[in-house]
Structure formats: structure tokens, C-alpha cells
Amino acid sequence: MLFRSKPTFQLKSDCRARCDSLPNLRKSFRYTAYDPKGKPFERVTGRGTRGWYSLGMTGDMPLAVINMEDPGFDHHRGFIPQAFTNSFLENLKQGRFSRGGSTITMQLVKNIWLTREKTLGRKVQEFFLSQALESCYSKGELLELYLNVVEFGPNQYGVWAGSMFWFNRPPDELEPVESFWLASILPRPSKTGPPDEQSLKRISSVMKTLSSTGKIPDYMVDPLEPGEETPVQQEE
């Protein structure tokens, strides 16, 4: 009988970057975005450009994105070793890219510097470049970059564009459940439908779970489901 050994993979890295060797993301910069048909185009963004929203102007979006996309964001250095290891081994087993495991920082790297091609090689690039970013930028800077770079709807790049497209209001005027809904579409932003009562109820249920475990403050959770009305008390 032939036994095949199970592949193992141990991930360790103390990589640090020379910050002056990286493109300066604290001013306007260009990166490749894609239209709804997948055609690439050059997008200009960064501090001082039109549509750029500072972290303090994004309302509940930072908390929503962290909880929906990367709960360990405040504590990791750009990657989560076990998640990356599991993803790498599964993709190696399948012989193709079938599992993600990306952190917010890795997604940021993919958006501003890499192509959309899903390969194991690109995943390794994400790993090293995410550590470089974490070495040179604060968590607040990384989150602000992420919110202004990623797609929040078909051809809606940046949180301001996404918020206006779906809710016709800037992000700092969204209700908490709207912010969490907007964060929830990030895995497939160009293939999602508009928010409706059912999808908002689902997000509200997720938020109640997060509140019960102390992940988000209680005030963010509406005791009523979206679409419900406050009962009117009858006078005796």
C-alpha cells in the first residue's frame, strides 16, 4: 500500500521594508482599477484628490469593514499565519487558487500593486508586500487607504462613491446597519444587488451577534428589525 505524506508548511517572517523604497501613498497616486466588464483603467486617488475621505469622515465604516472583512486587523502584521498556511496548503492540494484568506492589508496590496490574476505566486507577493506596508504605515493609514481604494459597487471605487451609489448619502451619514451592509458586499461588490429589507435584516442579525460578544457597541444595534415600526401605545 502506498502512503502519501501530507504536505506541511510553516510560515515565519520578520520582514521589514525600507520605507523610502516604496511608492509614497501619503499623497496622490495611480493604480489599476477595472470597469464592470473587467477592462483595466488607471485611477488617481490619494489625499487631496476628489472623493478622498479621511478616516474620521467615514462614520461607522472602519468598524464595519474590520468586523466583516478582517477581525484581527488591529493585531496582525499584515497576515494571519494560520489562515495563510491553510489557504496555501489548500490551494497547493487543489493545484489552483481556490481559497483566499486575505487580510485587509493583503487586499490593499492586491488592489494597488498586483493584477487580479489568481495564482499561488501572487499570493506570495501579497504576503511580502503586506508586511512592507505594515512596516511603513500605521493601521489608521492602511484602513483609510483601503476604504478609498477598493470597489464598493460596479465601478464605484472608494467608500464615498459606494455610499452615494447605494444610499445617496456620504458615509458619515449612513445608519450603522447601512455601513455594515456596505462592508458586507466587498467580496463581490460588482455582482451584488441593491439593499433590501431581507438583506438589511440579515446584516442586523449579524450585528446583534457582534454586539452580544462585545465586538461592536450596543448603541449600533437597533432593537427593531429594519422595516419594523415602533408600536403605538394606545391611550387608556
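Here is a short chat about the predicted model shown above.

Biologist: Before we start, what are the ground rules for this predicted model?

Modeller: Local features need pLDDT of at least 70 and side-chain atom pairs count only at pLDDT 80 or more, while totals for chains, interfaces and linings use all residues. Residues are numbered from 1 along each chain as its sequence is written, and side-chain values use heavy atoms, with hydrogens and water left out.

Biologist: OK, which pattern of helices and strands does the protein chain follow?

Modeller: Helices (H or I, at least four residues) and strands (E, at least two) are DSSP runs, numbered from the N terminus. The protein chain has eight helices and two strands. Reading along the sequence gives β-β-α-α-α-α-α-α-α-α.

Biologist: How much of the protein chain counts as buried?

Modeller: Buried means under 20% relative accessible area, exposed over 50%, and partly exposed in between (1.4 Å probe, protein chains only). The protein chain has 236 residues, and the buried share is 44%.

Biologist: And which residues touch the most other members of the largest nonpolar core?

Modeller: A nonpolar core is a set of buried Ala, Val, Leu, Ile, Met, Phe, Trp, Tyr and Cys residues joined through side-chain atoms within 4.5 Å. In soluble globular proteins, nonpolar side chains tend to be buried together. The largest core here has 49 residues, and the ones touching the most other members are Val65 and Leu182.

Biologist: Which helix gives the largest share of this core?

Modeller: Several elements give two or more residues to the core, including strand 1 (29-34), helix 1 (61-69), helix 4 (120-136) and helix 8 (197-212). The largest share is six residues, and they come from helix 5.

Biologist: What does Val65 touch?

Modeller: Contact means heavy atoms within 4.5 Å. Leaving out residues up to four places away in sequence, Val65 touches Asp70, Ile104, Leu143, Tyr146, Leu147, Ala183 and Leu186.

Biologist: Let's look at helix 3: which of its residues are buried?

Modeller: Helix 3 is mostly covered, with eight of its 10 residues buried. They are Ile104, Thr105, Met106, Gln107, Leu108, Val109, Asn111 and Ile112.

Biologist: Is Glu126 buried or exposed?

Modeller: Glu126 sits in helix 4. Its contacts, not counting residues up to four places away in sequence, are Ser102, Met106, Val109, Lys110 and Leu114. Its relative accessibility is 0%, so Glu126 counts as buried.

Biologist: Which cysteines does the disulfide join?

Modeller: A disulfide is a covalent bond between the sulfur atoms of two cysteines. The check used here asks for a pair of cysteine sulfur atoms within 2.5 Å. The structure holds one disulfide, and with S to S at 2.1 Å, the joined pair is Cys19 and Cys136.

Biologist: How many residues apart are they?

Modeller: The pair links distant parts of the chain. Cys19 is in the segment before strand 1 and Cys136 is in helix 4, so to speak of their separation, it is 117 residues.

Biologist: Why is the disulfide called left-handed?

Modeller: Handedness comes from the torsion about the S-S bond of Cys19 and Cys136. The disulfide is left-handed because that torsion is about -95 degrees.

Biologist: What about empty space: which element gives the most to the lining of the largest pocket?

Modeller: On a 1 Å grid over the protein atoms alone, a cavity is a set of points where a 1.4 Å probe fits but cannot get out, and a pocket is an open set with protein on both sides within 12 Å along at least five of seven lines; lining residues have an atom within 4 Å of a point. The largest pocket has a volume of about 920 Å³, where volume is the space filled by probe spheres set on grid points joined across faces, edges and corners. Its lining has 31 residues, with Lys110, Lys118, Leu186, Pro187 and Pro189 nearest the centre. Giving four residues, the top contributor is strand 1.

Biologist: And which residues line the largest cavity?

Modeller: The structure holds one cavity of 30 Å³ or more, and about 40 Å³ of space lies in the largest cavity. The lining is Leu25, Arg26, Arg47, Trp52, Tyr137, Glu141, Glu144 and Leu145.

Biologist: Last one: is Asn168 buried or exposed?

Modeller: Asn168 is in the loop between helix 6 and helix 7. Its phi is positive, about 60 degrees, although it is not a glycine. Because its relative accessible area is 60%, Asn168 is exposed.
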